[in-house]
Amino acid sequence: MGVVNVTPDSFSDGGRWFDTTTAVKHGLDLVAQGADLIDVGGESTRPGATRVDEAEELKRVIPVVRGLASEGVTISVDTMRASVAEQSLAAGAALVNDVSGGLSDPGMIPVVADAGAPFVVMHWRGLLEGGNVQGTYDDVVTEVVDELRARVDAVLEGGIAPGRVIVDPGLGFSKGADHDLALLARLDRLRALGHPLLVAASRKRFLGHVLAGPDGAPPPARERDAATAAVSALAAQGGAWAVRVHEVRATADAVRVARAVALARTPDGTPPVPPVPPVPGSHGSKGTR
């Protein structure tokens with residue numbers, strides 16, 4: 001899943017793809033580098049970001065979705081607003097990626113259910129305005145799994161089909177570096193929820209923490225792509241359905257290597273982790289499995 005942020009203030013590439021034409025071209029470039037689908041978002045969810053209004057988000061997102069869809073690209077829309085999801089699906093998007101898992105807008109679940117679209121349910125404890133990460137856990141893996149399970153149950157009760165649900169542990173959202181690393185170490189617990197797993201680690205601050213120099217200063221976000229590729233390979237090995245990344249080529253290569261090694265471990269060429277089924281609306285054939 002390649003990222004196209006149509007925003008001036010995203011933490012890793014704010015402003016680079018703010019123009020519609022540039023954003024569409026960037027999405028096409030990511031597909032050429034190996035992305036199976038493109039995640040288009042018009043609102044930054046970095047800690048401390050303030051929300052844009054509905055009209056501005058629609059102005060940013062819809063032309064890019066329409067432009068990429070006209071080129072045959074499979075698109076997910078990264079939004080917490082039901083209206084943006086609805087208009088994006090009408091414009092050609094195939095999947096809704098809501099970091100709030102439907103909690104931010106009560107209209108989201110009915111919109112997605114009516115459309116029959118796949119829906120990403122991310123672990124979320126609220127907006128991060130003011131930098132509030134609410135990152136207190138006794139056992140982060142157990143608590144995230146339990147909270148995700150409860151949210152998935154609510155989504156299913158809202159009418160979204162079980163085969164359309166994807167789960168995401170929400171790395172970096174209400175979590176510190178130690179929490180993110182613990183979740184990556186136990187992807188098997190997340191996969192046990194029984195739904196395809198999306199891992200979105202690209203350029204996040206926990207990687208900056210891991211890569212910090214002797215003075216404790218983390219490298220800039222755009223210098224974390226090699227670390228992102230390493231996490232992507234580990235996620236692929238752990239059975240993730242997809243990884244969400246800003247720089248596709250290195251991750252695509254890392255995932256192919258991880259798969260080749262997994263295949264070499266078994267005499268009959270069957271991966272040791274059973275593949276998850278492709279989610280409707282995705283290509284499926286080139287993903288992490």
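The following conversation walks through a predicted model, one question at a time.

Biologist: How should the numbering and the values be read, and what is the pLDDT needed for local features?
Modeller: Residues are numbered from 1 along each chain as its sequence is written, and side-chain values use heavy atoms, with hydrogens and water left out. Because the model is predicted, side-chain atom pairs count only at pLDDT 80 or more, totals for chains, interfaces and linings use all residues, and local features need pLDDT of at least 70.

Biologist: How many helices and strands does the chain have?
Modeller: Both kinds of element are DSSP runs numbered from the N terminus, helices being H or I over at least four residues and strands being E over at least two. Counted in this way, the chain has eight strands and 10 helices.

Biologist: What percentage of the residues in the chain is buried?
Modeller: Buried means under 20% relative accessible area, exposed means over 50%, and partly exposed lies in between, with a 1.4 Å probe and protein chains only. Among the 289 residues of the chain, the buried share is 52%.

Biologist: Is K25, the salt-bridge partner of D29, buried or exposed?
Modeller: A salt bridge is a side-chain nitrogen of Lys or Arg within 4 Å of a carboxyl oxygen of Asp or Glu, and the side chains of D29 and K25 meet in one at 3.0 Å, N to O. Both residues lie in helix α1, four residues apart, which is about one turn of the helix. D29 counts as partly exposed because its relative accessibility is 31%, whereas K25, at 52%, counts as exposed.

Biologist: How many residues apart in sequence are the parts that E143 and R125 tie together?
Modeller: E143 forms a salt bridge with R125, the closest N and O atoms being 3.5 Å apart. E143 lies in helix α5 (residues 140-157) and R125 in the loop between β5 (119-122) and α5, so the parts that this pair ties together have a separation in sequence of 18 residues.

Biologist: Which residue forms a salt bridge with D225?
Modeller: D225 belongs to helix α9 (residues 225-237), and its partner sits in the loop between β7 and α8, so the pair ties together parts that are 22 residues apart in sequence. D225 is buried at 17% relative accessible area, and its partner is also counted as buried, at 6%. With the closest N and O atoms 2.8 Å apart, the partner of D225 is R203.

Biologist: What is the phi of S174, a residue that is not a glycine?
Modeller: Most residues other than glycine have a negative phi. S174, in the loop between β6 (165-168) and α6 (177-185), is buried with a relative accessible area of 0%. Its phi is positive, at about 55°.

Biologist: Which residues does A182 touch, leaving out those up to four places away in sequence?
Modeller: A182 is found in helix α6 and counts as partly exposed because its relative accessibility is 27%. In space A182 is 9.5 Å from D139, C-alpha to C-alpha, although the two are 43 residues apart in sequence. Contact means heavy atoms within 4.5 Å, and the residues that A182 touches are V140 and V141.

Biologist: Which residue has a backbone nitrogen 3.1 Å from a polar atom of the D19 side chain?
Modeller: D19 is found in the loop between β1 (2-5) and α1 (20-32), and counts as partly exposed because its relative accessibility is 43%. The backbone nitrogen at that distance belongs to T21.

Note on methods. Polar contact = N/O pair within 3.5 Å; in protein donor to acceptor, adjacent residues only side chain to side chain.
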